[in-house]
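Subject: Structure handover

Hello,

Here is the structure for your queue. Please open it alongside this message; my notes follow below it.

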Amino acid sequence: MISIPNIEARWENFVKNNQVPKDVRKEILDSWIRCKKYGVDPFEGSGEDIDKGEFDKILKNKRELIEIAKPIMLGLFNVVKESNYSIILTDENAVVLKVIGNETIMEKNNNLYFLEGCRWTEEDVGTNAIGTCIYLDKPIQTLGAEHYGKKQHGWTCSASPIHDSNGKIIGVIDLSGDFHGYHSHTLGIVVEAANSIQEQFLMAEHRKWAKAAFESIEDGILTIDSNFAVKDFNLKICEILKIAKEEIHKLDIRVLLSDIIKDISNFNKNNIIRYREVSLYVNDYRVECNINVTPVEKDGRYIGLVIVVKKVDSFRHAVNKIAGFSSKYAFKDIITNNLRMKNIIEEARNIAENECSILITGESGTGKELFAHAIHNESSRSNGPFVAINCAALPKDLVESELFGYEKGSFTGAAKEGQPGKFELANRGTIFLDEIGELPLEIQSKLLRVLDNHTVTRIGGKYERNLDVRVIAATNRNLYNEIQINNFRSDLYYRLNVFNVKLPPLRERPEDIILCAEFFLDKLNKKNPNLEKNLMKTLLIQ
């Protein structure tokens, strides 16, 4: 793909001078040509309002699709809400049915009429992920100036179609945000979301318990009658619950579903209950899952339930990528000619192979986070999430909920489904606690318990959740001195400081000053081979 400035130039030559570029993606170029034939104004690109009465009819017809898609959209939003992405659901005619986004992105959506009740076909707004996805009947991502409408050039959008059992498009799921926050894997995320919606829609549409259909679904499926006896299941549910298929009929379903048994007993048979996170209890252990509970009727009589189960980890793994929970740097990215620094890098490589906690110390600007990224990438956890937290930037009243999460209804303003904390999101990976010296003492004690027990208890939670997380902490403070004045717990210090990586400031690495200066000048495309020697001498003196 050519660079964005070149795309912008190709777009301008196309719309102003009718010059057909050769180095624009075929799907995009074909769409541009269609938009010109449609007479779309290339300097516009805002959504088109439809009649309210017409929209009300559409909402009524698409009620089932919206109900199925909403929890999946909310699950995505709860993880990427700080990344300024909006999640959009449309019908097969590109009419926006549901939009979820934070305050920042919704302001941009408002300015672009990217709102519920607006239409986003190619004919209305030009090349865009939703309209072009519907035209092509396949997933597509549109970046910056690939959009035909000028007003959309600051956006990146990824869309995937949703089909019914006959392969007909019934809707589109889209993930849109600021182009500068672009992630290459957003298209894969929406494809997975579309597949999840599609699978659940098909189950709601057919309501059949055919074994072939059960085994083709990646989610676990368990069907029970009105007396809580198991009627049917697929092998995936056995895998999720970690039991042999011969044992599933022996399960006490009331114990398995003890967290939601009251809801199941009291809910209206015409409703569907959806839980973003709930625990299933099997023998002496529990499994965290996302669950849909659907009633089944025969001849107008309630006969049982279909329970659809997805492990929490499988969905989090996908959304962690788009939320930026991944490491960006390796040891090869660390620029140095300093022997002491090279020895530190080699020491850190060896430490990376160990699972123990690490404390990285050094003045601001010495590269503590860079080392944390590199250690994660060098470790056996490199394929897992890398969650970085600036402890100094966390509001004091939100530190505990951000780190450890909370259950539904645990405090005023809490999300109704609860929320996993950063430690849970980092499960099977690494969590980087930058500015660890800024943590309040009361949080330090709770952090110590997490490190000691390898478990976390959410605010308002009744049980501990197992964790498999490697902790890397960093600080520019002298924590030993902080211990002496009772600002930092000594037991937490020794728990974190199993391995210590102390980074020297640049002034103690004079041979790296010019090296770093030239690197950053080159990176900014401002490298000057004739840089005055006096300026270099000044840098060395400073």
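A term first, for the hairpin described below: two strands count as paired if DSSP finds at least two bridges between them. Also keep in mind that this is a predicted model.

**The hairpin**

Strand 11 and strand 12 form a hairpin with two residues between the strands. Aspartate 299 takes a positive phi there, near 55°. The two strands run antiparallel, and 10 bridges join them. Strand 11 covers residues 285–298, and strand 12 covers residues 301–311. Want one pair to check on screen? Asparagine 292 has valine 308, in strand 12, as its bridge partner. Is strand 11 mostly covered or mostly open? Mostly covered: 10 of its 14 residues are buried.

**The chain overall**

The protein chain has 542 residues, and 50% of them count as buried. DSSP runs give 22 helices and 21 strands. Take the contacts with a separation of 6 or more: 64% of them are between residues 24 or more positions apart. The accessible surface comes to about 26400 Å². Carbon and sulfur atoms hold 48% of that surface.

**The parallel sheet**

Next, an open sheet of five strands. Its order is 14-17-20-13-21, and the pairing is parallel. Which strands stand at the edges? They are strand 14 (386–390) and strand 21 (499–502). Each has a single partner strand, so one side of each is left without a neighbour in the sheet. On average, neighbouring strands of this sheet are turned by 20° against each other, direction ignored.

Strand 14 pairs with strand 17 (residues 429–434) over five bridges, in the parallel sense. Within that pair, isoleucine 389 stands opposite leucine 433 of strand 17. Helix 15 (residues 368–378) packs on the sheet. The helix touches strand 13 (358–361), strand 14, strand 17, strand 20 (469–475) and strand 21. Its direction makes about 170° with that of strand 17.

**Polar side chains under cover**

Arginine 34 belongs to helix 2 (residues 26–38). Is arginine 34 buried or exposed? The cut-off for buried is under 20% relative accessible area. Arginine 34 has 12% relative accessibility, so it counts as buried. What does its side chain meet? A polar contact of 2.8 Å joins it to the side chain of glutamate 122. Beyond its neighbours within four places in sequence, arginine 34 is in contact with Glu122, Thr132 and Tyr135.

Serine 196 lies in helix 8 (residues 186–206). At 5% relative accessibility, serine 196 counts as buried too. Outside its neighbours within four places in sequence, serine 196 is in contact with Ile72 and Lys310. Residue 310 falls within the range of strand 12, residues 301–311.

**Cysteines**

How many disulfides are there in the whole structure? The search finds zero. Two cysteines can still be noted for their cover. Cysteine 35 is buried, with a relative accessible area of 0%. Cysteine 118 is buried as well, at 1% relative accessibility.

**Where to look**

Start with aspartate 299 in the hairpin of strand 11 and strand 12. Then view helix 15, which packs on the sheet. Finish with the contact between arginine 34 and glutamate 122.

Best wishes

Conventions: Residues numbered from 1 in each chain as written. Predicted model: local features only at pLDDT ≥ 70, side-chain atom pairs only at ≥ 80, totals over all residues. Heavy atoms only, no water. Buried < 20%, exposed > 50% of the residue type's maximum accessible area, 1.4 Å probe, protein only. Helix = DSSP H or I, 4+ residues; strand = E, 2+ residues; numbered from the N terminus. Contact = heavy atoms within 4.5 Å. Areas by Shrake-Rupley, 256 points an atom, 1.4 Å probe, with all protein chains shown as cover. Polar contact = N/O pair within 3.5 Å; in protein donor to acceptor, adjacent residues only side chain to side chain. Disulfide = S-S within 2.5 Å. Axes fitted to C-alpha atoms, helices over the stretch in contact; angles between N-to-C directions.
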